[in-house]
Amino acid sequence: MVFILIIGANICIFDILSRQLELIDQDCYLQEEKGYIQHKFVKKQQLFQLNRLDYQLIQQNQMGNKNTKKSLQNTNKYCEINSFLKSNLEEHVILELVLNFKKIQGENLIIVCKGLERCTNVQTLTIHLYSCMIQNENLCEIANSFNNMINLTHLQLNLGVNKIGQQGVHFLGKALTKFQKLQSVQLYLYSNQIRNEGSYLIMDQLAQCQHISILIIEFSNNLIEDEGILNICQQLKRFNKLTTLKLLLYGNLVEQMRRQYLQKIIMKLNKLITFTLVLDIDENQIE
Ligand SMILES: *[C@@H]1O[C@H](CO)[C@@H](O)[C@H](O)[C@H]1NC(C)=O
């Protein structure tokens, strides 16, 4: 078992990583600002490595080393709604949508969802929706549009910096329980309006997906208190197949982390190989 604990000064690095991974990964957005790319070049490479690591883990889990290269080549990545809609929707197996900073509401939301509904073959879905002014009801519609992806196995949703609260995460969780083939789930929900109840509900529902082995979930910069963090950890016990867990919880309303309790729970996850926990700067270390 390998524990990676990132506490204290390293938070800053991870803060940058978790927030900018999505951004950095979105070449399409960055290409428009070449000066920005050059300025960030070194950082971009470092960040990309980490992102790749996560990605490779997932790919290997899916189909073993041999096919990793092939599947990377087959990734269909779209940065514009129109080019996505014009693509051969029924044929996508690995699909990535980069829609950051677009207003995913009204007509935009409707057409994106209609497109997603036709992607019946998708097994690996990544959607970047960083800072898209997404509210609860918008997230409901997005989650509903996954309905036809009956073989969905790997899901990554980057929903950072939106207006998502309890109803939104509850609905997303409920929608995901339908996908019993899910093996890896990455949900980046930082800087939203999630409280204790919301974080509990989504973890409770994810735990109902029996085959999740990789779980990366970020609740940083929300409104979760001690009770909520405790609830999140309690739900972890129910993930029987977990091998990789990354929990990012800093920037919430936690006053006193119950570290012994956390420690006990993590020890119970006996299949865990990699574990990363990011807490607040002032918290005591878990050893
Ligand atoms: C889902 O997976 C099964 C088994 O691998 C396959 O036979 C079926 O065609 C897939 N369905 C879709 C819609 O991709």
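# Exercises on a predicted model: strands, helices and loops

Strand β3 (residues 94-98), helix α6 (residues 106-117) and β4 together form a β-α-β unit that is right-handed. The model is a predicted one, and the exercises below start from this unit and follow the chain onwards.

## Exercise 1. Strand order and crossovers

Starting from β3 and β4, work out in which sense the strands pair as far as β6, and which helices lie on the crossovers.

**Solution.** Step one is the pairing of β3 with β4, which is parallel and extends over 5 bridges; within it, Ile 94 has Thr 124 of β4 as its bridge partner. Step two takes β4 (residues 124-128) to β5, again a parallel pairing over 5 bridges, in which Ile 127 is partnered by Leu 157 of β5. The connection here belongs to a right-handed β-α-β unit made by β4, helix α7 (residues 136-144) and β5. Step three reaches β6, which runs parallel to β5 and is joined to it by 5 bridges, with Asn 158 standing opposite Tyr 188 of β6. Between β5 and β6 the chain passes through helix α8 (residues 166-176), in a β-α-β crossover that is right-handed.

## Exercise 2. The faces of β4 and β5

Determine for β4 and for β5 which residues point to each side, and whether those sides are buried or exposed.

**Solution.** Begin with β4, where Thr 124, Thr 126 and His 128 lie on one side and Leu 125 and Ile 127 on the other, all of them buried, so that both faces are covered. Because 5 of the 5 residues of β4 are buried, this strand is largely enclosed by the rest of the structure. Turn next to β5 (residues 154-158), which is mostly covered, with 5 of its 5 residues buried. From β5, His 154, Gln 156 and Asn 158 point one way, while Leu 155 and Leu 157 point the other way, and all are buried.

## Exercise 3. Helices α8 and α9 and the nonpolar core

Identify the buried residues of α8 and α9, state what covers them, and find which helix gives the most to the largest nonpolar core.

**Solution.** In α8 the buried residues are Gly 168, Val 169, His 170, Phe 171, Leu 172, Gly 173 and Leu 176, and their cover includes α7 and α9. For α9, 8 of the 11 residues are buried, and the helix is therefore largely enclosed by the rest of the structure. Those buried in α9 are Asn 196, Gly 198, Ser 199, Tyr 200, Leu 201, Ile 202, Met 203 and Leu 206, covered by elements that include α8, β6 and α10 (226-236).

The last step concerns the largest nonpolar core, which has 68 residues, and in which Leu 129, Leu 152, Leu 182, Leu 189, Leu 206, Ile 212 and Leu 215 touch the most other members. It is α9 that gives the most to this core, with 5 residues. For Leu 215, once neighbours within four places in sequence are left aside, the contacts are Val 185, Phe 239, Leu 242 and Leu 245.

## Exercise 4. Three loop residues

Place Val 161, Ser 191 and Arg 195 in their loops, and decide for each whether it counts as buried or partly exposed.

**Solution.** Val 161 is in the loop between β5 and α8, and it counts as buried because 22 C-beta neighbours lie inside 10 Å, where 20 or more are needed. Its phi is near 55°, a positive value in a residue other than glycine. Ser 191 is placed in the loop between β6 and α9; with 20 C-beta neighbours inside 10 Å, Ser 191 counts as buried, and its phi, about 50°, is likewise positive although Ser 191 is not a glycine. As background to both values, most residues other than glycine have a negative phi.

Arg 195 is found in the loop between β6 (184-188) and α9 (196-206), and because it has 18 C-beta neighbours inside 10 Å, it counts as partly exposed. Setting aside residues up to four places away in sequence, Arg 195 touches Gln 166, Leu 223, Ile 224 and Gly 228. The C-alpha atoms of Arg 195 and Glu 227 are separated by 10.0 Å, and the two residues are 32 residues apart along the chain.

## Exercise 5. The shell around the ligand

List the residues around the ligand and sort them by class.

**Solution.** The residues are Thr 120, Asn 121, Ile 150 and Asn 151. Sorted by class, this shell has 1 nonpolar, 3 polar and no charged residues.

Technical notes: Residues are numbered from 1 along each chain as its sequence is written. This is a predicted model: local features need pLDDT of at least 70, side-chain atom pairs count only at pLDDT 80 or more; totals for chains, interfaces and linings use all residues. A residue is near a molecule or strand if its C-beta atom, placed from the backbone, lies within 6 Å of it. Ala, Val, Leu, Ile, Met, Phe, Trp, Tyr, Cys and Pro count as nonpolar, Asp, Glu, Lys and Arg as charged, and the others, Gly among them, as polar. Helices (H or I, at least four residues) and strands (E, at least two) are DSSP runs, numbered from the N terminus. A residue is buried if 20 or more other C-beta atoms lie within 10 Å of its own, exposed if 12 or fewer, and partly exposed in between; C-beta atoms are placed from the backbone. Two residues are in contact if their C-beta atoms, placed from the backbone, lie within 7 Å. Two strands pair if DSSP finds at least two bridges between them. A crossover is right-handed if, with the strands pointing away from the viewer, the path from the first strand over the helix to the second runs clockwise. A nonpolar core is a set of buried Ala, Val, Leu, Ile, Met, Phe, Trp, Tyr and Cys residues joined through C-beta atoms within 7 Å.
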